[in-house]
Amino acid sequence: MNLAQTQGIIKEMLQKLQEEETFFTELKGEQREKAFESAQEILTTTDKIIKSYIRVSKDDGRIVRIPAYRIQHNNIAGFYKGGIRYSETVSEEEVENLAVLMTLKNALHELPYGGAKGGVVINPKDYSDRELNFVSKKYVQRFAPDLGPTHDIPAPDMGTNEKIMDWMVGEYKTIHPGKNYLGAFTGKSIDNGGAKGRREATGKGTFFSYFWLVHEWTKMQNNLSFNDGDEMHKTQYQKLQSLYNKHTQNKEISIAVQGFGNVGSVAALEAYTSEKLKHRVVAVSDQNVTLYNQNGINIPELVLFQSENGNLPQSPAELEKIGVEAEIRDREDILTLDVEVLILAATERQITKQNMQEVKADILVEGANSPITAMADDYLNGQGKIVIPDILVNAGGVMVSYLEWKQDRITQLYTNEETLHEMYGQMSQSCEKVFNEYFERKLESIRQTCFRYATQKLFTLLYKHGKLF
Ligand code: NAD
């Protein structure tokens with residue numbers, strides 16, 4: 001889903017809401033038309049795009065200037081919030097799209113935040129710790145006037161982590177002496193005001209939202225009926241029932257996880273250790289390889305290897321050394337394996353026009369942002385596959401970021417249990433409203449249902465704030 005496509009769905013959802021007579025009954029005729037036109041204009045454009053170049057002196061003495069972005073899409077629902085990504089492929093369009101998705105995600109989950117995103121065009125693996133420290137401090141220096149605990153609050157994303165957030169908050173404190181600084185960044189280390197459980201939150205939340213659909217939601221349904229011709233919802237529901245039945249028969253569900261970083265490795269471990277719904281993790285992948293074993297892979301060993309080496313084993317010798325049995329395949333192989341569930345936790349545009357017909361998984365879970373293109377999304381839904389979209393499933397991180405931000409303001413720490421309890425509670429509420437609405441009203445896709453909720457909330461706030469005249 002690129003920026004134009006994300007904006008396209010926002011427009012479509014607003015048009016549908018406008019046609020619904022029961023939505024905002026007090027808005028009629030010309031006034032209604034004007035209000036929806038204004039909302040469309042506001043939500044499909046971005047409040048502020050800041051681009052700068054960060055000057056870094058490399059260890060070899062060279063000076064390089066690196067493009068960097070902070071993009072603030074909308075703050076009608078609260079302070080701007082969104083991660084900072086370090087990746088060679090970062091572009092303005094990508095960061096803007098991610099900022100729009102943050103606005104929608106926060107609105108969908110009723111978090112008191114707007115949407116923003118940041119990016120730096122580097123491959124962090126090519127940079128030493130000293131150089132990364134420099135890049136991170138310079139990023140804060142460049143964007144400091146636009147950041148702050150009651151203005152715009154960054155967090156980690158692809159290529160960044162708690163160490164980088166710690167450096168950034170340190171620099172923010174130096175620039176703003178005497179001001180509240182801890183709440184200026186979330187995803188910090190626990191020693192530095194971070195929330196317990198923040199690092200694992202997105203991966204845990206991603207697995208949980210899928211688990212909740214199969215295990216909790218499906219169990220609760222007893223009277224779901226389908227009209228003739230509604231093959232898509234019917235097939236999807238049958239697939240859910242067949243997975244749920246596997247659980248009641250104590251059989252394993254086969255699952256593959258693309259990406260083995262912060263989100264993917266945690267989601268894979270959740271699947272591996274899940275007791276309520278048993279899984280066999282048959283494949284995992286990263287930017288180099290896919291590791292495959294039809295009988296299941298030892299995920300805890302791989303997590304250990306990844307934390308020490310920064311990637312998955314790439315050779316039979318490395319696998320043998322840690323006692324993991326797996327076939328080494330091309331990194332793209334994971335996308336088309338014969339599995340029941342595929343978690344996408346790597347990067348954008350993984351399932352596209354080119355490979356959508358080869359996808360065999362029945363359920364696709366978007367732990368990453370935008371891993372499925374719009375065309376592939378339509379195709380997969382049409383095939384009766386279930387796509388659980390990014391803005392629903394990968395919100396665990398921002399939910400726990402909210403708790404971190406709150407605890408930094410009241411200087412009272414949440415325990416790990418309290419953090420997870422809050423996150424799972426909030427996630428099940430969001431999942432319940434979305435899955436109920438999708439299956440009861442037989443909407444076009446789960447993604448559209450999420451966008452519908454989000455735009456409805458944003459429209460309401462824009463109207464209440466008097467912005468739609
Ligand atoms: P990360 O940098 O920790 O890990 C990314 C992983 O993906 C690595 O294992 C990397 O090797 C792998 N990868 C990269 N390109 C790949 C490719 N082409 N094929 C296969 N694997 C590839 O990043 P992360 O924090 O885990 O983020 C992953 C995704 O989740 C991103 O889309 C990010 O925006 C999204 N996300 C992250 C968070 C968070 O809290 N970290 C929150 C919401 C969404």
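**Exercise 1. Find how many bridges join β1 to β2 and which way the two strands run.**

Start with residues 63-74, which make up strand β2. Next, follow its pairing with β1: the two run antiparallel and are joined by 10 bridges. To check one pair, pick Ser57, whose bridge partner in β2 is Ile63. Strands here are DSSP runs of E with at least two residues, helices are runs of H or I with at least four, and both are numbered from the N terminus. Two strands pair if DSSP finds at least two bridges between them.

Before going on, please note that this is a predicted model, in which local features need pLDDT of at least 70 and side-chain atom pairs count only at pLDDT 80 or more, while totals for chains, interfaces and linings use all residues. Residues are numbered from 1 along each chain as its sequence is written, and side-chain values use heavy atoms, leaving out hydrogens and water.

**Exercise 2. Place β1 and β2 in their sheet, then add the helices.**

Step one: write the strand order, β1-β2-β4-β3-β5, for this open sheet of 5 strands with mixed pairing. Step two: mark the edges, β1 (48-57) and β5 (152-156), each of which pairs on one side only. From one strand to the next, the twist averages 20 degrees. Step three: lay helix α3 (residues 92-108) across β1, β2, β3 (80-86) and β4 (115-120), at about 150 degrees to β4. Helix α4 (residues 129-143) also packs on the sheet; it touches β1, β2, β3 and β4, and its direction makes about 140 degrees with that of β1. Contact means heavy atoms within 4.5 Å; axes are lines fitted to C-alpha atoms, for helices over the stretch in contact, and angles run from 0 to 180 degrees between N-to-C directions.

**Exercise 3. Describe the surroundings of the ligand.**

First, count the shell: 23 residues surround the ligand, the closest being Arg85, Asp157, Thr202, Val263 and Asn369 (a residue is near if one of its heavy atoms lies within 4 Å). Now look for polar contacts, pairs of N or O atoms within 3.5 Å. An N or O atom in the Thr202 side chain is 2.7 Å from a ligand oxygen, and one in the side chain of Asn369 is 2.9 Å from a ligand oxygen. Finally, turn to cover: on its own the ligand has 830 Å² of accessible area, and the protein covers 89% of this (Shrake-Rupley method, 1.4 Å probe). Two or more residues of the shell come from each of α6 (198-220) and α8 (262-273).

**Exercise 4. Trace the sheet that α6 packs on.**

Begin with the order β9-β8-β7-β6-β10-β11-β12, an open sheet of 7 strands with mixed pairing. Its edge strands are β9 (327-330) and β12 (386-388). Then zoom in on β10 (residues 341-344) and β11 (residues 363-366), which run parallel and share 4 bridges; Ile343 stands opposite Val365 in β11. Lastly, add α6, touching β6 (253-258), β7 (279-285), β10, β11 and β12.

Conventions
A polar contact is a pair of N or O atoms within 3.5 Å; within protein, one must be able to donate a hydrogen and the other to accept it, and residues adjacent in sequence count only if both atoms are side-chain atoms.
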